[in-house]
Every structure is written in C-alpha cells, then in structure tokens.
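Colleague: Please show me the model, so that we may discuss it by question and answer.

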Amino acid sequence: MNHLLEIIIAAPFVAALVILALPSEQTMNMRIVALLGAGVSLVGSVVVAFQYDMGVGGVQMLNSYPIVPSLGINLTLGVDGWGVSLLLLTGLIIFTGVFASWTLTDRVKEFHVFLLVLVAGVFGVFVSLDLFIFFLFYEIAVLPMYLLIGIWGSSHKVAEAGPFRFVWRMLDIGGKEYAAMKLTLMLLVGSALIIAAMIAMYLEANLTSFDMLRLENVTFSHSLQFWAFPFLWIGFGTLGGVWPFHTWSPDGHASAPTAVSMLHAGVLMKLGAFGVIRVGMMLLPEGAQEWVWLVGGIAAINVIYGALGALWQKDLKYVVAYSSVSHMGLVMLGAATLSVAGWNGAIYQMFAHGLMTGLLFALVGIVYDRADHTRHIPDFGGFGRKMPGVAVFFTIACLSSLGMPGFAGFVAEWLVFLGAWTGQQFWWAMIGIVGAWVTAIYILRVSKNIFWGPGPSDRWKNISDARGQEWFPLWVLGGGLIVFGIWPNLILDFIDLATSTYLPSVTSLAMEVHP
Amino acid sequence: MSTSLLILLTLFTPVGAALTLGLLPNFRRAGRPAEYLSVAAAFVSLIAATVLFIRQQLVSDATPLLDTHIRWLSHNGKSLVEVGATIDGISAPMLLVVALVAFCVQLYSMGYLAGESGDARGRYFTYQSLFIFAMEAMVVAPNAFQVFMGWELVGMCSYLLIGHYYQKPSAARASLKAFWVTKFADMGLLFGLLVLFTVGGSFGWDSTTVTSLGSSGATAVAALFLLAVVGKSAQFPLHIWLPDAMEGPTPVSALLHAATMVAAGVYLIVRTYPIFAAAPDVLTVMAYLGAFTAFFAACVAMVQTDIKKLLAYSTCSQLGYMVAALGTGSLMGGYFHLSTHACFKALLFLAAGSFIHAVHSNEMENMGGLWAKMKLSAILFIIGSLALAGLPGLSGFFSKEVILEELSHSGHALPFVACMLTAGMTAFYMTKACLLAIFGPPSEGARHAHESPKTMLLPMGILAALSLVAGFGGTMLAQMYGVEYAFHFGTTGIIATALGFAGIGLALFAYLPSRRANNPFGALTSVGSFIRYGAVDRTAAFAYRNGLCKIGAAIGWFDRYVVDGVMNLTGWLPLVAAQRLRRIQTGVVTDYVYGVIVGLIVLIAMGTVFK
Amino acid sequence: MTLAAYLIVAAAVFCCGLYGVLTRRNAIGMLIGVELMANAGNINLIAFSRFLGQVDGQVFTLFAIALTVAEVVVGLALVLLLYRSRKNIDVVQASEMKG
C-alpha cells in the first residue's frame with residue numbers, strides 16, 4: 001500500500017499540532033516546523049509525480065478508510081493526472097508561502113496553524129475521491145481564511161460613492177474585518193448550494209455511497225442535472241471567481257497578508273474551478289452540456305471584464321486581484337469548451353496562474369513592505385534602480401500573465417483559445433485573445449509605473465531589494481514559470497492523460513441523451 | 001560536423017549565454033565578462049550559420065538540409081504542437097543575415113556602451129543574446145506555431161531593449177507603446193494560427209495544408225497574418241511605434257528596429273508564401289498598402305531632423321517596398337531587398353550611432369562638420385546612404401531594381417508609381433542627412449568629437465563591404481529560393497536611377513552649406529510634423545486614453561460600486577432589518593409574557609384550523 | 001362533583017395567575033401569579049387522576065410541586081439580586097435587555 005497521499009495531507013496537520021504545542025515565544029522554531037511540514041508535502045508531491053505510472057494512467061495510489069459506514073462515507077484518496085499537477089502546485093505555493101511570511105511577527109503561532117490547516121484542506125480536495133470528504137476538505141480550506149484575513153490583514157479606504165453609498169454608514173467597507181466577513185459569507189452561500197446539490201445527487205443515486213468513481217457511472221435524471229449543475233457551478237464558482245460572484249476577491253486579496261494572498265489566489269481559487277470540473281461537469285455531464293453556453297459566456301465576460309477592471313485600479317493588490325479574476329475566467333472558459341484542448345488548458349492555466357499569481361503577490365508583498373505599507377501605484381516610480389531583482393521577477397510574472405511564449409501562461413492560454421476555437425466558440429476565443437491584449441496593457445503599465453521612470457524620489461530613499469529568504473519564493477516560482485513555459489509537457493502529459501480518459505465519458509454520455 | 005549539431009550551436013550558444021548571464025547576477029553585473037561571453041556566443045552562432053548557409057547552397061534548391069522536430073504540447077496522447085528546426089533555401093539565407101548582423105552589432109555594442117555601468121551592460125548583452133536566439137528560432141521554425149513563439153519573444157526583447165534607459169520617461173513610454181502596438185497586431189497572427197490549424201489541419205504551409213485551407217481559408221489566414229505583419233513590420237497605420245522605438249540604444253535600433261526584427265513581418269510572408277499565394281486578394285492589398293507606406297514614410301523621413309527618426313521612417317518606407325513587392329506575387333524582390341536592406345540599414349544605424357556617440361545628440365544640426373573629425377565613420381555612412389539611395393552597382397540598386405521590375409509587370413499602376421517616386425525621395429533624404437550631419441556647419445558637439453574605437457569601426461566595415469557587394473548575390477539567392485532571376489536593367493531601372501539622381505541633385509541644391517539659408521523645403525517641416533504627430537499618433541493616443549482607459553474606468557467603477565454594491569446591499573439588508581426588529585425587545589418582562597400568550601393562542605388557532 | 005367543576009376552578013385560578021403576571025409591575029407579585037398558574041395545572045392533573053382512577057397524575061403533581069419550589073427559589077434569588085442592585089423590584093424599570 002502506498003501512503004504518500006495520506007502523508008502529504010497529514011504533514012501540514014501534524015506540523016500545525018506541533019506548532020500548537022510550542023511555547024508562543026519560540027517563533028523561529030514555529031517557522032521551521034511549518035517549513036518542515038510544507039516541505040514534506042512538497043517532496044511528497046514530487047515523489048507522487050515520479051511514482052505515478054504514466055503507462056497505466058487513471059486513478060492511482062487509491063486507499064479507502066471507512067468513516068461513517070452507515071452513510072457510505074469513506075476517506076477515499078487517489079491521484080490522477082490532474083491531481084499530480086495540482087499537488088505539485090500546492091506544494092510549491094505553500095512551501096514558498098512559508099518563506100514569504102518569514103518576517104511576520106504578530107501571533108506567529110496561530111498564523112502558521114491556520115495556514116497549515118488551510119493547505120492540508122487544499123491537498124485533500126485535490127486527491128479526494130469521496131464527495132463528502134471532498135466537500136469537507138473544501139470547507140477546511142476555505143474557513144481559516146476568515147481568521148487569516150480578519151486578524152493579520154490590512155485595511156484600506158474605499159471611496160464612498162455609487163448608487164449604494166448609504167451602505168457605507170453601516171459596513172466598514174475596505175476594513176480587514178469587512179473583507180474577511182464578505183469572503184466567508186459569499187463562500188458559505190456557495191457552500192450551501194454545493195451541499196444541496198450534493199445531497200440531491202446522493203439521494204437520487206441511492207447507492208449509499210459518496211464515492212465519486214461510482215457516482216460518475218450513474219446517469220442522473222435530466223431534471224436533477226439541469227438544476228443541480230448551476231448550483232455546483234455557482235457554488236464552486238464563487239470561489240473560482242465567476243462573475244458576478246467575484247467581488248470578494250479584490251477586497252479579500254487586498255486585505256490579506258502576503259502568504260495568504262499567495263495561497264488564496266494561487267491555489268484556493270483553483271479549488272473552485274476544480275470543483276466545477278471535477279464534481280459539476282464530470283458527475284453531471286448532461287447538466288454541463290445544457291449549461292456550458294452560460295458558463296463559457298460568463299467566463300468570457302470574466303476575462304475581459306477583469307482585465308478592463310484592472311486598468312482602472314490604483315491599488316497594486318487590486319490590480320493583481322482583478323487579473324486573477326480575468327485569468328480564472330480563462331480556466332472556466334477552457335472548462336466550458338468541453339474539449340481536450342480546453343480542459344488541458346484549464347488545468348494548465350490553474351497551474352500556470354497559481355505560480356504566476358503566487359509570484360506576483362510575493363513581489364507585491366515585498367514592495368508593500370519596503371514602501372512603508374503603501375500600495376498606491378502613483379506614489380511609486382523608479383524602483384527598478386533600488387530593487388532590480390524584484391523588477392526582473394515582476395517582469396517575468398507580467399510576461400507570463402499576458403501570455404508570452406516561453407512562460408507557462410502562454411501554453412495555458414493557447415490551449416484554451418484552441419479549445420474554444422475548435423469547439424466553434426469563436427466569440428469566446430476572440431474575447432479571450434483581446435483580454436490577453438488588455439492584460440498586456442494594464443500589467444506592463446503597472447510594471448512601468450513602479451519600476452521604470454526617474455527616481456525613486458527622496459521618500460523612497462531607503463527601499464532595498466529582496467534579501468535573504470525573500471529570494472527563495474521568487475526564484476522558485478519565477479523559475480517554475482520559465483521551466484514549465486519552455487517544457488510544458490513536463491506537466492501537460494499528466495494533465496492530458498487524465499483529460500483524455502475523463503472527457504469522452506462526459507461528452508459521450510450527453511450524446512446518448514441528445515443524439 | 002553534423003547539421004543537427006550546427007543548428008544546435010547556432011541557436012543555443014546565444015541562449016546559453018543569455019541563461020548564464022541571467023542565472024549569475026554577479027557575473028552579469030561585472031559588465032566586461034558578460035560582453036565577451038555574449039560576443040563569443042554571437043560569433044559561434046555566426047560561424048555555424050555560415051556553414052549551414054554554404055551547405056544549403058550546395059544542395060539542390062528544393063530539398064531542405066534539415067527538418068527535425070519534437071513534440072512540445074500533448075493532446076489526447078498525441079502531438080499537438082511541435083518545435084524544431086528547418087533549414088532550407090528560405091531559412092538559411094535569413095539565418096545568415098540575422099547571425100551576421102547580430103554579430104556585428106554585438107561587437108559594435110562593446111564600444112558603444114563602454115561608458116555605461118556594468119549592470120546596464122550586463123543587462124543589455126543578456127537581452128541581446130536572448131534576442132538572437134529568439135530571432136533565429138523564428139527563422140528556422142518548422143511550422144507557423146514556432147514562428148509565432150519566436151515572433152512574440154523578439155517582441156519581448158524589443159520591449160526590454162527599448163527600455164534599456166528605463167529611467168528616461170520617454171524610453172519607458174516608447175517601450176510600452178512598441179509592445180502594445182505590436183501585441184495588438186499579433187492577435188492577428190494568433191487568430192491566423194487558429195484558423196490555419198482548424199481549417200488547414202496543421203500549423204504548416206505545405207501544399208496539403210494549403211489545399212485543405214481552400215481559397216477562403218487561405219484568404220482569412222493571409223489577411224490575419226497580414227495584420228500581424230503590419231504591426232511588426234511597421235506598416236501604415238501601425239507604424240507609430242517604430243519612430244518612438246528609437247529611444248533604445250542605437251545598436252538596438254540597428255539590430256532590432258532596422259535589420260532583423262522589423263523584417264520578421266516580411267519574413268513571415270516569405271516563409272508562409274504558399275498560403276499568401278493562394279490568397280490573391282490579400283496580395284493586392286499588400287501591394288497597395290506596402291506602396292502607400294513606402295511613399296508616406298518617405299515623405300515623413302524627408303522632414304525629420306533627428307537622424308535616428310529619419311532612419312526609422314526610412315526603414316518603414318523600405319519595409320513598405322518589401323511588402324509591396326511580395327504583393328506582386330513574386331518572392332524574389334521582397335526577400336532579396338530584405339537581405340540587402342539588413343546590411344546597409346544596419347550600417348547606417350551603426351554609423352549614425354557612431355556620430356551620436358561622439359556628439360551626444362540625435363539632432364543632425366548638432367552633428368554638422370563631423371567630416372573633419374570622423375572621416376571613417378562618415379565614409380561608412382555615405383556608403384550606406386548611397387546603397388540605400390540605389391546608386392548603380394551598390395546592393396540597394398539591385399534589390400530595388402527587382403522590386404520595381406516586379407511592380408511594373410504586376411499591373412498595379414498606383415503602387416508602381418508610388419514606389420518609383422519613393423526611390424527619388426529616398427535619395428533625397430539620405431543625401432540631406434549626409435549633407436547636414438557630415439558636411440553641415442561645424443557644431444558645438446562636433447568640435448569635441450573623436451573617431452569611434454575599432455570595435456565599432458570593424459563591424460561597420462564588414463557591413464559596408466557587404467553593402468557594396470551583396471547585390472551581386474542575387475543569382476545565388478534566387479537559386480536558393482527556387483525562383484527565376486536574371487538581372488535586367490530596363491526602362492524602369494533607368495527611370496528609377498534618374499529619379500534617384502534627381503533626388504540627390506535636389507538635396508544638394510537645397511542643403512548644400514552655401515544654400516542653407518534659403519531652404520525651399522522649410523514648409524514641409526510643418527506638414528511633416530502634422531503627419532507624424534497629428535494624424536495617426538493622436539488617433540492612437542486618443543483611442544487609448546479616451547477609449548480603452550475610459551472603458552476600464554467605467555467597468556472598474558461599475559464593479560466596485562454596482563456589482564459589489566449589490567453584494568454589499570445584500571449584506572446591508574439583514575443588518576437594517578435586524579435593527580428594526582430589535583425594537584420588539586422592550587426589556588419589560590410583561591411584554592414577553594404577552595408575546596407568549598399571543599403565540600400560544602395563534603398556535604392553538606392554527607392547530608384548530610389546519611387540522 | 002363533576003370533572004368540569006374542577007376544571008373550571010383550575011381555569012379560574014389560571015386566569016387569576018395570568019392576570020397577576022400581566023398586570024403586576026412588582027416582581028414578587030408576578031412570581032405569585034406564576035405560582036398560581038402552575039398550581040392551576042396541578043389541580044387539573046389531580047382532577048384527571050381522580051376521575052381516570054390512575055395515580056400517574058398525582059405522582060406528576062408531586063414532581064411539579066418540587067420543581068415549582070425550585071423555581072421559586074431561583075426566582076426569589078433573582079428578585080433579591082434585583083433589589084440589591086436597584087433598590088426596587090419594579091420589572092418595568094428593569095429593562096436592560098431592551099433591544
């Protein structure tokens with residue numbers, strides 16, 4: 001029996017427990033324990049990638065432990081090609097995320113405990129094959145975010161305007177507690193939709209089992225598929241940044257501390273998109289077929305809307321958050337094409353965007369830290385002279401974000417566009433491509449406004465480049481973007497293996513019903 | 001040495017140098033070692049490219065010397081996209097041109113950038129090496145997909161290199177503008193690839209693909225590719241980025257924005273010519289568009305006072321020639337001119353850079369009197385100018401001749417006339433540049449000027465020699481391209497040459513030092529600046545500021561205050577409702593007892609009614 | 001005596017208690033009202049027990065009396081605390097729980 005997956009999930013939990021037991025002044029030990037926990041998971045993810053048998057494919061390392069036998073709830077873990085790539089992403093992000101929060105001094109113990117619990121949940125979602133456990137891990141991953149933002153976050157002002165300006169009096173808009181509360185409430189409403197759909201599926205299947213591998217073979221009634229799929233789409237999609245349920249994202253990301261933003265944009269948003277594909281589309285293929293026109297249409301809106309929205313932002317973190325909304329749109333766009341290229345692109349975009357946005361948030365964190373905790377872009381300028389290393393990695397992230405060949409983002413975007421185009425969804429592809437161009441405009445303009453130009457002015461005479469452990473996330477994530485951009489098949493082969501086994505059953509099942 | 005090894009050497013020595021420099025910051029920042037490594041890599045690349053060129057020249061025309069590729073993207077367990085290298089009669093000459101100009105420019109840069117910090121030089125040479133790789137990878141691409149990747153990467157290098165003086169606001173703006181405009185056009189290439197793949201079934205340009213594309217498919221692909229060409233090769237109206245790109249260091253202008261990168265558009269047409277050939281409508285558009293750009297850019301070049309801007313418009317103009325020539329349905333003129341133009345335009349830029357290096361100004365009036373101080377550079381500049389002007393016997397004469405011949409036989413009268421006139425105008429503005437910059441009244445800057453070092457003169461010498469003789473290589477190149485070519489000096493040639501001499505004469509008449517005072521073309525300056533700043537640039541800037549940015553602001557506002565406002569409202573409503581409802585909690589026990597009793601009665605009543 | 005007579009007495013006692021609870025502002029008065037209501041219930045239990053010939057009701061009543069005693073103890077303790085803090089036992093004035 002291979003227990004690698006259990007080890008990957010348990011390592012952060014165990015590390016969290018050890019940190020809980022440590023006296024609260026031993027902050028350095030806590031960081032080291034956190035690093036060890038994250039490191040074990042990362043190494044485990046790499047070993048999984050090597051041990052995964054490409055010749056056999058399918059779900060491997062399958063283990064099942066009964067939890068509630070009377071309801072058929074089992075802790076079933078197994079990894080497929082998608083899981084391999086997303087485990088690797090999560091491992092990379094959490095490992096670098098611990099480094100990125102190295103300088104945190106406030107309540108170090110609790111911070112690392114929540115961070116590790118969160119990431120254990122993320123690992124769990126990517127390898128769970130039991131719908132109930134999938135959902136359980138999903139909630140474990142989502143809920144610590146409330147405290148992580150509410151306690152360690154930062155507040156900012158949002159100008160009082162618009163048709164709903166009367167709400168400002170009662171809501172502390174822009175405050176970290178507001179951001180935490182909004183994120184949690186929106187995601188919980190999503191969760192309510194998910195659990196409703198989940199229970200309906202459980203009851204209709206009547207297998208007394210939440211086993212996703214078994215549920216995949218069940219043909220649910222048309223009416224259930226028709227209403228349950230939008231539930232799952234919106235439920236998971238809220239976390240995946242689906243328009244118009246994305247508005248927790250800019251505030252949440254802007255308020256969250258660096259490592260949390262990295263994890264949140266880097267892997268947590270992927271959970272949402274992954275849920276839509278893994279649960280929504282694969283268990284309810286007919287419902288997916290019925291609704292893809294809307295899923296894809298909204299995703300196209302996401303892409304262009306996020307990019308245009310980012311143009312207007314003055315706050316650095318808001319720009320990155322809107323770019324996440326835009327890029328997560330590409331994931332959903334790829335998913336909605338229901339084609340091999342589209343799905344490959346969607347999963348690859350999760351991977352590429354995870355690395356890219358993790359890198360961007362790490363860099364933003366450094367700039368924010370150096371620049372007296374301001375993120376107001378017009379205040380910056382000419383930082384490149386003082387922080388050349390940060391500038392280089394920022395440029396790398398920007399180029400990946402706008403889809404420059406040689407960076408991981410390009411591969412994903414290209415596959416998504418190809419999927420949309422071959423699926424006769426010309427408008428989706430066109431909007432996606434135009435969105436990539438708009439990305440080039442806002443993201444390079446930001447890069448220019450921060451790092452280029454004369455200066456820096458006297459106000460910033462003490463800023464400095466990244467130092468010590470801060471380099472680590474930059475090199476790992478930046479290097480990852482380039483390596484996986486130059487040699488995409490390192491990861492794409494895994495993804496493609498899973499897609500090419502899963503997709504035919506999704507599309508053909510629907511074909512039977514609608515010849 | 002095997003061919004595969006040679007192509008590996010050609011491509012991977014520059015990228016190896018770039019990687020080494022990228023990964024070893026301290027080594028890069030030392031400056032000098034970075035230069036040596038980078039120049040050595042460019043040299044190895046040049047030697048390997050030369051050997052490849054000779055080998056390809058020796059095999060019979062149609063067979064590729066090398067055609068190898070490996071899987072790059074998987075799709076359903078099979079290959080979706082492949083990368084590799086193809087050396088054939090089309091790619092080998094371009095590869096040689098790129099490697100040659102790149103080596104010359106790298107060598108020249110050692111002298112040109114000597115005064116800058118090690119950090120800046122290290123950065124510069126890293127990007128230049130990366131550029132050489134990207135450009136060569138694009139040239140040897142076995143399919144349109146790899147062309148696209150190289151195409152984007154050279155655009156990225158262009159962005160990075162124009163921004164070399166990133167602290168200058170104008171340079172920062174220019175690099176963004178260049179990237180945005182070309183990236184806008186690149187959407188055409190991306191769409192073209194999608195159509196090519198979905199309709200044609202592959203990313204290739206072989207006859208099978210073209211056949212399955214059909215007439216409409218080929219037209220669509222060619223038209224979309226043409227959009228990308230218009231951006232990259234600075235054709236009207238997307239030429240606006242090229243003059244601004246002159247903010248980069250002069251060697252960058254020579255390599256990227258004169259000889260190779262801007263020619264990538266023309267090369268794309270040449271490379272995928274089977275597709276273009278199947279789309280006659282697009283060819284016609286190309287003939288008119290190219291000729292218009294040639295004429296228009298020459299008009300603007302005539303009134304420039306900045307030597308680099310003059311050369312930049314001249315580049316636009318010459319690229320217009322190439323596009324127009326390819327629009328006639330023949331490969332020879334456009335591609336031949338691409339090769340010769342690369343030599344003499346790179347030479348012109350390098351010589352201009354030599355002047356700029358000496359006087360620290362781009363304005364021609366600050367250069368006057370350089371003849372006395374920098375004879376070698378001046379002579380080299382004059383050679384380049386004459387080659388560009390089409391003086392019989394020099395390389396530009398031969399290639400331009402072919403283009404004009406092709407145009408005269410094509411039946412497109414208007415483009416032909418425009419290109420003929422452009423020939424005269426080209427001679428005019430180049431003579432003007434020579435007269436003002438070299439023989440003009442001695443300026444302040446020129447008094448302290450010194451001749452450039454040998455590292456700068458040597459590469460200029462190589463390019464000058466090629467500008468003199470490259471015209472005689474037409475037969476050889478034609479054989480490699482697989483087209484018919486025999487030099488023919490007919491009526492067209494005679495008229496064009498006469499126009500050229502007329503242009504030179506007119507310039508002498510107007511700009512000879514003794515006649516400077518009553519310059520009859522002063523009025524042109526205002527017209528020129530209107531065309532330059534008023535028409536196209538303003539429109540683009542307007543579209544950006546009042547179009548895109550306003551839409552962005554509207555969407556950003558809408559998102560923050562309407563979409564998010566609705567979300568806030570849904571959070572606000574329960575809060576307000578709760579505030580209202582809390583009033584029923586009076587705190588008086590008796591009231592609660594009343595509540596209990598009323599509730600009891602209601603329950604009993606409901607129990608009775610809904611039995 | 002019929003069952004109805006007992007029930008009428010119980011109802012009357014209950015209403016008296018209810019009236020006391022609703023109208024009294026004095027906490028002890030309210031407490032007495034509550035006691036009356038509870039004992040009305042006890043009367044009912046015993047009456048039914050008697051007429052149905054089962055002892056369940058009487059046992060139940062004993063429990064109820066014990067519980068009522070406990071309730072009064074807690075209630076009086078609260079009233080005492082209220083008096084200590086406010087020097088009166090007017091329930092209308094003691095409205096800190098007002099929303």
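Colleague: In strand 2 of chain B, which residue is the bridge partner of B:Asp67?

Modeller: This is a predicted model, in which local features need pLDDT of at least 70, side-chain atom pairs count only at pLDDT 80 or more, and totals for chains, interfaces and linings use all residues. Residues are numbered from 1 along each chain as its sequence is written, while chains are lettered from A and ligands numbered from 1 in the order in which they are written. Strands (E, at least two residues) and helices (H or I, at least four) are DSSP runs, numbered from the N terminus, and two strands pair if DSSP finds at least two bridges between them. The partner of B:Asp67 in strand 2 of chain B is B:Thr86.

Colleague: How many bridges join strand 1 of chain B to strand 2 of chain B?

Modeller: These strands form a hairpin with 2 residues between them. B:Asn76 in the turn has a positive phi of about 55°. The strands run antiparallel, and the number of bridges joining them is 9.

Colleague: Which helix of chain B gives the most residues to the side that touches chain A?

Modeller: Two residues are in contact if their C-beta atoms, placed from the backbone, lie within 7 Å. The contact takes 51 residues from chain A and 47 residues from chain B. On the side of chain B, the elements that give two or more residues include strand 1 (66-75) and helix 7 (169-200). The most, 20 residues, come from helix 23.

Colleague: Where does the cis bond to B:Pro237 begin?

Modeller: B:Pro237 lies in the loop between helix 8 (207-232) and helix 9 (241-244) of chain B. With omega near 0°, the cis peptide bond to B:Pro237 comes from B:Phe236.
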